[in-house]
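Trainee: I would be grateful for a close look at one part of this structure, beginning with a single charged residue and working outwards from there. Could the account be kept connected, with each step leading to the next?

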Amino acid sequence: MKNITILLFAFVVFLGGCANNSSREQEKQEKEKQRKLDSLALKIAVTPTLDCLPLFIAKERDMFSSKELDVRLKRFKADMDCDTAFVSGSVDGMFSDLARTMRI
């Protein structure tokens, strides 16, 4: 009786380990798929200002999806953060005000 209990316990532990491993593989595949989709999207850095209002309205009204464009707005709190993201390559473009653009 004791041997059956030990064998049953080992079997349950084995099944638990296999299930956990397959879920990890699914997570890896999902992350890789999301990374590929994200790399194809046009990422634009924006700040919560009136300068970016046209992009916010276009995104809200699904104007990008009607043209089959995958545009993702990456929100930042300051223009300096947008500059850093653009220089590092984590965004493809940025929306800025006229004075800042002239200085750049």
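Mentor: Asp-70 is partly exposed in this predicted model, because its relative accessibility is 36%, a value that lies between the 20% limit for buried and the 50% limit for exposed. The side chain of Asp-70 forms a salt bridge with Arg-72, and the closest N and O atoms of this pair are 3.3 Å apart.

How many salt bridges does the count give? The count comes to two. The other joins Asp-92 to Lys-43, with 3.9 Å between the closest N and O atoms. This pair ties together distant parts of the chain, since Asp-92 sits in the loop between helix 4 and strand 3, Lys-43 belongs to strand 1, and 49 residues separate them. The two partners also differ in their surroundings: Asp-92 is partly exposed at 42% relative accessibility, whereas Lys-43 is buried at 9%.

Strand 1 leads us to helix 2, which spans residues 53–60 and has Leu-55, Phe-56 and Ala-58 as its buried residues. Viewed down the axis of helix 2, these buried residues fall within an arc of 165°, and therefore they line one face of the helix. On the other side of helix 2, Pro-54 and Glu-60 are exposed. What does the buried side of helix 2 pack against? Its partners are strand 1 (42–46), helix 3 (63–66) and strand 2 (71–75). Just after helix 2, Asp-62 adopts a positive phi of about 55°.

Beyond strand 2 comes the loop that runs from this strand to helix 4, and Ala-78 is found there. Ala-78 has a relative accessible area of 30%, so this residue counts as partly exposed. The C-alpha atom of Ala-78 is separated by 9.7 Å from that of Thr-49, although the two residues are 29 apart along the chain.

The loop brings us to helix 4, residues 79–88, where Cys-82, Asp-83 and Ala-85 are buried. The buried residues of helix 4, seen down its axis, lie within an arc of 165°, which means that they line one face of the helix. The face turned away from this buried side carries the exposed residues Met-80, Thr-84, Val-87 and Ser-88. Among the elements that cover the buried residues of helix 4 are strand 1, strand 3 (93–94) and helix 5 (98–103). Strand 1 is thus a contact of the buried residues of helix 2 and also of those of helix 4. Just after helix 4, Gly-89 takes a positive phi of about 90°.

These details may now be placed in the whole protein. Its secondary structure consists of five helices and three strands, and along the sequence they follow the pattern α-β-α-α-β-α-β-α. Of contacts between residues at least 6 apart in sequence, 61% join residues at least 24 apart. Buried residues account for 18% of the 104 residues. The protein exposes about 8,600 Å², of which carbon and sulfur atoms supply 62%.

Conventions:
Residues numbered from 1 in each chain as written. Predicted model: local features only at pLDDT ≥ 70, side-chain atom pairs only at ≥ 80, totals over all residues. Heavy atoms only, no water. Buried < 20%, exposed > 50% of the residue type's maximum accessible area, 1.4 Å probe, protein only. Helix = DSSP H or I, 4+ residues; strand = E, 2+ residues; numbered from the N terminus. Arc of directions from axis to C-beta. Contact = heavy atoms within 4.5 Å. Areas by Shrake-Rupley, 256 points an atom, 1.4 Å probe, with all protein chains shown as cover. Salt bridge = Lys/Arg side-chain N within 4 Å of Asp/Glu carboxyl O.
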